[in-house]
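Hello,

Here is the structure I promised to hand over. My notes on the helix packing and the ligand site follow below it.

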Amino acid sequence: MKRYIVGMTGGIGSGKSTVAKMFADLGACVVDTDAISHQLTGPQGGAMPEIEAKFGEEFLNDDGSLNRQVMRDYVFNHPPARKKLESILHGRIREAVSEAIEKASEPYIVLVVPLLIEVGTYRPIISRVLVVDCEESAQIERASERAGMSRDAVRAIMAAQTDRKTRLRVADDVIDNSGSLALLEPVVKQLDQRYRSLALNQGQEGS
Ligand code: ADP
């Protein structure tokens, strides 16, 4: 069976996780590369032995998980280290994504990839690009509140991500999440209907 996969992206704090949860509640299969990455670097995470071997135990918390703050600071000051970390994580994330997609029995899949546009890895398997968008000021406010990061830290991450214009240019669908959560729900519901129908039509065409 060919799965219908919607690639979902958006800047930090735009509302990807919030929207993903709404899709999941409506019956979609949500595969979140960020969540997978967190799992791989959590206590007993599959990537931790290699991270410890290649970076050192000072990058680990007492419970064996990755010390994100230490790694963030290190990578920020040592750009080649980012590649090293990515080479440990990317293959494993891809593998976990493939497994999750194989197992899915839901009508369609929402694949959440924060760097969907920056990194081409998932482009070949997705049928559509869905961008969650909101005002940059709201992004900064929401992301700094949620993650306990400073506004400047959020701004620095935003500066390293694809700019809003480029992201919107490649979008097939856009969810405007500048408003309230109550406004968001009907928009996600409508898209859910749309994706169900697109997934079904794809099946009928035998493609
Ligand atoms: P992302 O996954 O894109 O980084 P999140 O979905 O985690 O973003 O949203 C960031 C924060 O903003 C979360 O605390 C979330 O609850 C909150 N949030 C998301 N959408 C809205 C909204 N429309 N109104 C108010 N708060 C929101």
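Let me start with one pair of helices: α3 passes α5 in a right-handed crossing, where right-handed means that the near helix is turned clockwise from the far one by less than a right angle, and left-handed that it is turned anticlockwise. Helices here are DSSP runs (H or I, at least four residues), numbered from the N terminus.

Before going further, please note that this is a predicted model, in which local features need pLDDT of at least 70 and side-chain atom pairs count only at pLDDT 80 or more, while totals for chains, interfaces and linings use all residues. Residues are numbered from 1 along each chain as its sequence is written, and side-chain values use heavy atoms, with hydrogens and water left out.

Back to that pair. Helix α3 (residues 48-55) and helix α5 (residues 79-103) pack at about 160 degrees, and their axes are 11 Å apart. The axes are lines fitted to C-alpha atoms over the stretch in contact, with angles from 0 to 180 degrees between N-to-C directions. The two helices are therefore roughly antiparallel, the word used for angles over 145 degrees (under 35 is roughly parallel, 65 to 115 roughly perpendicular, and the rest oblique). On the α3 side the contact (heavy atoms within 4.5 Å) is made by E50, I51, K54 and F55, and on the α5 side by A81, K84, L85, I88 and R92. That gives 5 nonpolar, no polar and 4 charged residues; Ala, Val, Leu, Ile, Met, Phe, Trp, Tyr, Cys and Pro count as nonpolar, Asp, Glu, Lys and Arg as charged, and the others, Gly among them, as polar.

Helix α5 also meets helix α2 (residues 33-40): their axes come within 10 Å and cross at roughly 120 degrees, so the pair is oblique. T33, I36, S37 and L40 of α2 touch L89, R92, I93, A96 and V97 of α5. By class there are 6 nonpolar, 2 polar and 1 charged residues.

Further along, the axes of helix α6 (residues 136-147) and helix α7 (residues 151-160) come within 9 Å and cross at roughly 125 degrees, and these two are therefore oblique as well. Their contact divides into 4 nonpolar, 2 polar and 4 charged residues.

Now, which residues come nearest to the ligand? Of the 14 around it (a heavy atom within 4 Å), they are K16, S17, T18, R146 and N177. Among the polar contacts (N or O pairs within 3.5 Å), the T18 side chain is 2.6 Å from a ligand oxygen. The N177 side chain has an N or O atom 2.7 Å from a ligand nitrogen, and a polar side-chain atom of R142 lies 3.4 Å from a nitrogen of the ligand.

Best wishes

How values were computed: A polar contact is a pair of N or O atoms within 3.5 Å; within protein, one must be able to donate a hydrogen and the other to accept it, and residues adjacent in sequence count only if both atoms are side-chain atoms.
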